[in-house]
Amino acid sequence: MKMPEGPAAQHVTVERVSTPAQLEEAQALRVRVFVDEQGVPAEEEVDALDTDPSTTHLLLRDPAGAVVATGRLLTDPEHPGEVHVGRVAVDAAWRGTGLGALLMRELEAVALAEHADEGRCRVVLSAQVQATGFYERVGYVVVGDVYLDAGIEHRDAAKTLVDR
């Protein structure tokens, strides 16, 4: 567990998921956000990638210990220096506080520290169209046409991180 930096950070701690109980907490928040709020089919939300050994999950907890944000990082040995960020979810009460940007910085720090190739790491993601402005504000370039994923419009986005 570590203490993050920034305005929203004074209220949260960051944890890397390492136990089944933590994974269940991450999945519970994702179900609330994606299934309950957005109507994503439950069978599409939790998948085998959640327990793949190459997947990294992060949790952000409020001072009372509740999980208020989560995201996962997927890697593929066939594509060194590239990761996929997904399942980024922030509790409704914490949206607009900077917590999403904090979560993305934490995921990017893991990507760069553990998955860079020659000091660079390309982060790709599938952004819900309604969230593309958020991803652009945190440095992602949105590209390509709109497509449906779980019945929700998405566009691809990417950002290249450089170890300095």
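Val 85 stands opposite Leu 125, which is in strand S5. I start with that pair, and I should say at once that this is a predicted model. The two strands involved are S4, residues 82-90, and S5, residues 120-128, and they pair in the parallel sense over four bridges. To get from S4 to S5 the chain passes through helix H3, residues 99-115, and this β-α-β crossover is right-handed.

S5 also pairs with strand S7, residues 152-162. Here the strands run antiparallel, and nine bridges join them. One position to look at is Gln 128, which stands opposite His 154 in S7.

Next, two loop residues. In general, most residues other than glycine have a negative phi. Which way does Glu 118 go? Its phi is positive, about 55°, although Glu 118 is not a glycine. Glu 118 is in the loop between H3 and S5, at the end of the crossover I just described. Its relative accessibility is 77%, so Glu 118 counts as exposed.

Ala 150 is the other case: a positive phi of about 55°, and again not a glycine. Ala 150 sits in the loop between strand S6, residues 141-149, and S7. Its relative accessibility is 25%, so Ala 150 counts as partly exposed.Now to strand S2, and to Thr 56 in it. Is Thr 56 buried or exposed? Thr 56 has a relative accessible area of 6%, and because buried means under 20%, this residue counts as buried. What does Thr 56 touch, apart from neighbours within four places in sequence? The contacts are Arg 16, Gly 71, Arg 72, Leu 73 and Val 110. With Arg 16 there is a polar contact between the side chains, at 3.3 Å. On the backbone side, the C-alpha atoms of Thr 56 and Val 17 are separated by 7.1 Å, with the two positions 39 residues apart along the chain.

Arg 16 takes us to the charged pairs. In general, side chains of opposite charge can pair when their charged atoms come close. How many salt bridges does a search of the whole structure find? It finds 13. In one of them the side chains of Arg 16 and Glu 114 meet, 2.6 Å from N to O. Arg 16 belongs to strand S1, residues 13-16, and Glu 114 to helix H3, so this pair links distant parts of the chain, 98 residues apart. As for accessibility, Arg 16 is at 41% and counts as partly exposed. Glu 114, at 42%, is also partly exposed.

A second salt bridge is between Arg 30 and Asp 50, whose closest N and O atoms are 2.9 Å apart. Arg 30 lies in helix H1, residues 20-37, while Asp 50 is in the loop between helix H2, residues 42-45, and S2. The pair therefore ties together parts that are 20 residues apart in sequence. Both Arg 30 and Asp 50 are buried.

A third is Glu 108 with Lys 159, the closest N and O atoms being 3.3 Å apart. Glu 108 is in helix H3 and Lys 159 in strand S7, with 51 residues separating them, and this pair too links distant parts of the chain. Glu 108 is buried, at a relative accessible area of 9%.

Some of the salt bridges share partners. Which residues do they join into one network? Arg 30, Glu 45, Asp 47, Asp 50, Arg 72 and Arg 87. Two of those names have come up already: Arg 30 and Asp 50 as a pair. Arg 72 was there as well, among the contacts of Thr 56.

I finish with a charged residue that has no such partner. Asp 62 is in the loop between strand S2, residues 56-61, and strand S3, residues 67-75. Asp 62 is buried, yet has no salt bridge. How far away is the nearest side chain of opposite charge? That side chain is Arg 61, at 7.4 Å. Because a salt bridge needs a nitrogen of Lys or Arg within 4 Å of a carboxyl oxygen, Arg 61 does not qualify.

What does the side chain of Asp 62 reach instead? It reaches the backbone nitrogen of Ala 66, at 2.9 Å. Leaving aside neighbours within four places in sequence, the contacts of Asp 62 are His 11, Val 12, Val 68 and Trp 94. To put the two side by side: Arg 30 and Asp 50 are buried and paired with each other, whereas Asp 62 is buried with no salt bridge.

Conventions. Residues are numbered from 1 along each chain as its sequence is written. This is a predicted model: local features need pLDDT of at least 70, side-chain atom pairs count only at pLDDT 80 or more; totals for chains, interfaces and linings use all residues. Side-chain values use heavy atoms; hydrogens and water are left out. Buried means under 20% relative accessible area, exposed over 50%, partly exposed in between (1.4 Å probe, protein chains only). Lys and Arg count as positive and Asp and Glu as negative; His and the chain ends are not counted. A polar contact is a pair of N or O atoms within 3.5 Å; within protein, one must be able to donate a hydrogen and the other to accept it, and residues adjacent in sequence count only if both atoms are side-chain atoms. Contact means heavy atoms within 4.5 Å. Two strands pair if DSSP finds at least two bridges between them. A crossover is right-handed if, with the strands pointing away from the viewer, the path from the first strand over the helix to the second runs clockwise.
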